[in-house]
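I opened this structure today and wanted to keep a plain record of what I looked up, in the order in which I came to it.

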Amino acid sequence: MYPSEQPSVASIAWSGLVLERLSQIAAEHPDKAAVRFGEVSISYAELVARSDALAAHLAGIGVGVGDMVGIGMDRSLDMIITLFGVWKAGAAFVPLDPDYPELRLAQVLEDAAPCVLMTDRRNQERMRCHGVESLVFDNALIRDAAPHAIAPIAAGALAYVTFTSGSTGRPKGVQVSHGALANFLAGIQQSLQMQPSDTLAAITTLSFDISLLEIILPLMQGATVVVVDRHVSSDGKQLAAVLKAHECTFLQATPITWRLLLDAGWGGKDDLTVICGGESFPRPLAEALLQHSSRVFNAYGPTEATIWATIELVQSGEGPVPIGRPLPNYQTHLLDDGLNPVLAGDIGQLYLGGASLATGYLNRPEETTQRFITHPDAGRLYATGDLVRETPGGTLVFLGRADDQVKVRGFRVELGDIEKQLLELPGVKEALVVLREDTPGVKKLVAYLIPDGTVDLVARQQRNALKARLPNYMIPHHYVQLPEFPKTPNNKVDRKQLPAPEILSGLRAASSNDPLEAFLQSVWAEVLGVASIGASADFFELGGDSIQAARITNRIEEWLDELLWPVILFDAPTIAELADYLRRSYPRAVAAKTSITRQLPAGAVDRVIDGTLVATFKALIQPVAPFSAPASKNPPAVFLLSPPRSGSTLLRVMLAGHPRLFAPPEIELLTFNTMRERADVFSGRESYRLEGTTRAVMEIKHCDVDEARAILAGYEQSQTTISEFYGIMQAWLHGRLLVDKTPANTLDLQALRRIEDYFEEPKYIHLTRHPLGMIRSFVNARLSEVFFRRVSHRFSPHELAELLWLTCHRNTLTALAAVPAERQVTIAFETLTREPKATMQRLCDFLKLEFHTEMLEPWKNKEKKMTDGLHPESKMMGDPKFHQYNRIDPTVADRWLDEMRGVTLGAPTKALAREFRYADLDADRTVEEREEFIL
C-alpha cells in the first residue's frame, strides 16, 4: 500500500531555519536560560553571542561553506555552542564520540576528512593523535574573534554527517542537509507541541542523531535544554534525580533507559512527555510509562530519513505498540520484493520518501544507489529493510528485519560488522553474532565462535580485544565456543538451535557440592533475586550494582567475621572466582566455616625495605598532570596530612564535632586538574573513591545520594577545575572551615605543593603514628585491596604499608619545609588517643577556635559527621569498622605490640621514625613497656 503521507508543513522557511529561528528567540527572550548543566546555565543571548564568536574564529582560519568540522567533545555547554558555531561558519559537523575506540575514530576521520577537529581539554590528547588539526574550545579561543557575517544557508547544504554501523566492518557516513533537518523539526513539533515553559533533559550522545531533537527542538521553541552527563544518564537513580531537580517536562530515551528509570524506583511525573524510540517498544513498558507520565509517544526512523520518520501517541491496550503514521512531508510505502505495493494488511518492506531523506552515504556512491532507489511512481525512496504491516486504522506496526541489522540501545548495528572484527582476532575460525532475548524484555548480543585450534578462546580476552575496535554498544555480552554451528537440512546455520549462553544455563545450575560455593550461591540468589546461580555466572552481567555488591560482601563479612571490600567483585566477578579468592586470602576463616581442611598456602617472606625498594615504589607513583596556578586563591582551608591507617578518620570525626569546621571523609580532589578528569579516572573498580565527595555534598546540600551525584555531574560536565570546585564547596559552607583529610594527597609532593597555590594561607595538621602500628592496621584492614591499585606492583601488603608510611611522611616534611611554622602543627596518634582533650585543645588554639566538648564525642551525631556510607548497606570511606566502636580507647595505638613482635623495619623507615621520636623500631619490647614508645 502506498503512499501514506501527512499534510505538508507550509510554514517551513527552508533558508537557515534553525539559525534564523534561534536568533529570533534570542531577540525575544535574551535573558532566558537556553541550556543548563547542573547549576550552570547560559542564556539565549549568550548562546548566540558565543556561537557567533566561534564562527568568526573558524572563518578566520579558513573554514567555510562545503567544509566539514569534527566535534569530539563531551556533552557540555561548549559542545552545543560549537555545533551552532560550525553551522554559522557555513560548515557541516561530524560527531565523534570521545569514548569510541581509537580504531573506530580513525576510520571515521579517514572517511570524513574534516578540515579541523573541535575538542575539549579532557579529550585534546586523544583527538590530537589522529592527524587532524584540532582546536580546544575555551573562552580564550573566542574572546578576540573578529566580527563574522553569517551567509544564508541553502536548504541543500550539508548540516551533518553521522556514521552508523556498516556491514563491511567499517562505519558509513549518512549525509543530512539543512532542509531535511528543518522539515523534521517543524514536523515533530506538530505532534509534540513543545512550549517555551518546557524543559527537556538531553541524555543522548551527539553521535546518535536523535540527540539533535533534544538539543535543537527546545531551542526552536524558546524552551530550556538540560544536558545530562553520560555517567548520570546511565544510572537510573541519578537520572531520576536530574528530572526532579530541573522539573523536566520532556525526556526522549530508548527502551533500555526507560527500564533503567523504572527499575530504579522512579515515581514518574504528571506533566512529563515521554518519547520512546530507537528499538521495539514492548507493550508492558509502554503500559508502565503511561502510568508515570502525561503522554507517551513511540517514534520510529532510520538515520537516512533524518532522526524520526513516524510517530504514535500511545494508548493503553494490547498487542504490539504501533510506530504510527508519517510525520509531515514524509512518505511511507509498503512494497514487496518487486517494489509493488502490498495488499492492505499484508507485510511489506518499509520504504520512506519525502523532504527529509538524507543526501546519501559519504563517498559511497554504489551503496547510496543500492539503498536510495528511484521508484517509477513514488520517486526517490530509502529502503529501510524493516518489515511492517498497516493496521485497519492506518497506523504502522513494526514486525522485524529483512536482513541481519538489529537495534541495540537505540543504535543501529550490522551484525556482520561485529563478526568481521571477531574474525580478525587470533584463534577465531568462524564467528556468528545474534541478538537474543532469553529473558523477556532484555535483549543481549551473543557471539558464537568456532576456534581454529591454535589458541584457547577466552571470553574476557575476546571482549577486551573488541573494546579496542568497536563502541561499547556493539560489544557482545556473552561468548559461546562451539565445535561447529548447527545446520538446517539446506546446510544453512540454524540460528534457532544455537545454545543459550553459559551464564544463562548457569542460572539454572544445581547447588554446588563445595560448601563455600554453595554459601555464595545462596547469598547471590537472595541479593540478586535469582532462583539459582551457577558458579560461572558473572555478577555484573547479572545486573549487579554497587548496592548489591555491598550487600553481598556484608553477608560474607558476617559469615567469615573478616573485613571484605566490595570492590573485590571487580577482580572476582563469578562465584567460582570469588570462592577461589576467599580460599587464598582468608584460608583459616574459610576452613573454620566449611569444615574442610586444606593445606594453607605458605606465606611470602616480607623484604626489608631499603633504598632500592623505595626507588622502585616511587617510580610507580603516577605524577599529577601539569597545571596552571589559578588567578585568584580560595579562602583558607585545613589539610590533614598522613599516610592511610594513621588514625586520620578518628581525628577528622573529632574535628567534625566543632560547629565551625566541616570535615568530610576522603574527598580525593587534590591530585586532579578538573572534576571531569577525576570522574574518568575513578570509574569502574575505582568508582568507590568518588563516595567521599558525594557524601560531603549530601551533607552540605541536605540532599540524597542521587541529587548529590547530579550536582557533581554538572561540575564534571562543565570541566570545572579542582581549584574552582574547592571554592564552590567553601562558598556552600558559609564561613565554616573546610578540612581535607585525604591520605592520597601525600603520595605526590607536587600535589601537596598545589595547596599553597589554591588557598590563602592554608593550615596543615601533620598526623604521625608508629610505623609498626600503621603497618599492622593497614594489613589487618586489607587496605592493599583498595589503596595504590591504579598501578601493577608486586609488593606484599606489609611492604606496601611501610613504603606508604615512609613516602607519605617524606613528602609531607618536604612540603611543610616551605610553610611558615605558625601554619603547621604535628600531632601523634598515640597522644591523641591517650590525651584527647589536651590534643583537641591544642588544635583549637592552632586554628584560633574555641574548644567544643563534642569534639571528644566522635560517635555523637554520627550522621552529621558523615561516619555512614551513601546508603544503608555501605560503609564510610576511611575506616569501615569505625561504627563498631563507641569510645576513644587509650590502648588502641599500642595494639600492634604482640602481633608485630620480631618484625624488622628498613633502615630508611627507622631513621625517619626516630625523627618523630618513636622508639622500639624492631618491636622487641613487651606491652608493659608501651609508655616508652614516644620518647
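I began with D580, which counts as partly exposed at 36% relative accessibility; here buried means under 20% relative accessible area, exposed over 50%, and partly exposed in between, with a 1.4 Å probe and protein chains only. D580 forms a salt bridge with R584, and the closest N and O atoms are 3.1 Å apart; a salt bridge is a side-chain nitrogen of Lys or Arg within 4 Å of a carboxyl oxygen of Asp or Glu. Both residues lie in helix 20, four residues apart, which is about one turn of the helix. Helices (H or I, at least four residues) and strands (E, at least two) are DSSP runs, numbered from the N terminus.

I noted for later reading that this is a predicted model, in which local features need pLDDT of at least 70 and side-chain atom pairs count only at pLDDT 80 or more, while totals for chains, interfaces and linings use all residues. Residues are numbered from 1 along each chain as its sequence is written, and side-chain values use heavy atoms, with hydrogens and water left out.

**Salt bridges**

How many salt bridges does the structure hold? I found 24 of them. In one, the side chains of R583 and E517 meet at 4.0 Å, N to O. R583 lies in helix 20 (residues 575–585) and E517 in helix 17 (residues 515–528), so this pair ties together parts that are 66 residues apart in sequence. I then asked whether R583 is buried or exposed. R583 counts as buried because its relative accessibility is 18%, and E517 also counts as buried, at 14%.

I next looked up R834 and D894, whose side chains meet in a salt bridge of 3.0 Å, N to O. This pair links distant parts of the chain, with R834 in helix 31 (residues 829–834) and D894 in the loop between helix 32 (836–847) and helix 33 (896–899), 60 residues apart. R834 counts as partly exposed at 27% relative accessibility, whereas D894 is buried, with a relative accessible area of 7%. I also recorded that salt bridges sharing partners join D74, D229, R676 and D680 into one network.

**R676**

From that network I followed R676, which is found in helix 24 (residues 675–681) and is buried, with a relative accessible area of 1%. Leaving aside its neighbours within four places in sequence, R676 is in contact (heavy atoms within 4.5 Å) with D74, R122, D229, R230, H231, E716, Q717 and Q719.

**The sheet**

Which order do the strands of the nine-stranded open sheet follow? I read it as 3-2-11-10-12-13-14-15-16, with mixed pairing, where two strands pair if DSSP finds at least two bridges between them. Strand 3 (40–43) and strand 16 (325–326) stand at the edges with a single partner strand each, so one side of each is left without a neighbour in the sheet.

Strand 10 (residues 199–202) and strand 12 (residues 250–253) pair in the parallel sense over two bridges, and L251 in strand 12 is the bridge partner of A201. Strand 13 (residues 273–277) runs parallel to strand 14, to which five bridges join it, and G277 stands opposite A299 in strand 14. On the other pairing of strand 14, four bridges join it to strand 15 (residues 310–313), and these two run antiparallel; N298 has E312 in strand 15 as its bridge partner. Five of the six residues of strand 14 (residues 295–300) are buried, so this strand is largely enclosed by the rest of the structure.

**The core**

The largest nonpolar core has 88 residues, of which F84, W87, I216, L219 and W308 touch the most other members; such a core is a set of buried Ala, Val, Leu, Ile, Met, Phe, Trp, Tyr and Cys residues joined through side-chain atoms within 4.5 Å. I looked up F84 in particular, whose contacts beyond four places in sequence include V18, L19, L22, L47, S51, I216 and L219.

**Positive phi**

Last, I checked E668, which has a positive phi of about 50 degrees although it is not a glycine. E668 sits in the loop between strand 29 (661–662) and helix 24, and is buried, with a relative accessible area of 6%.
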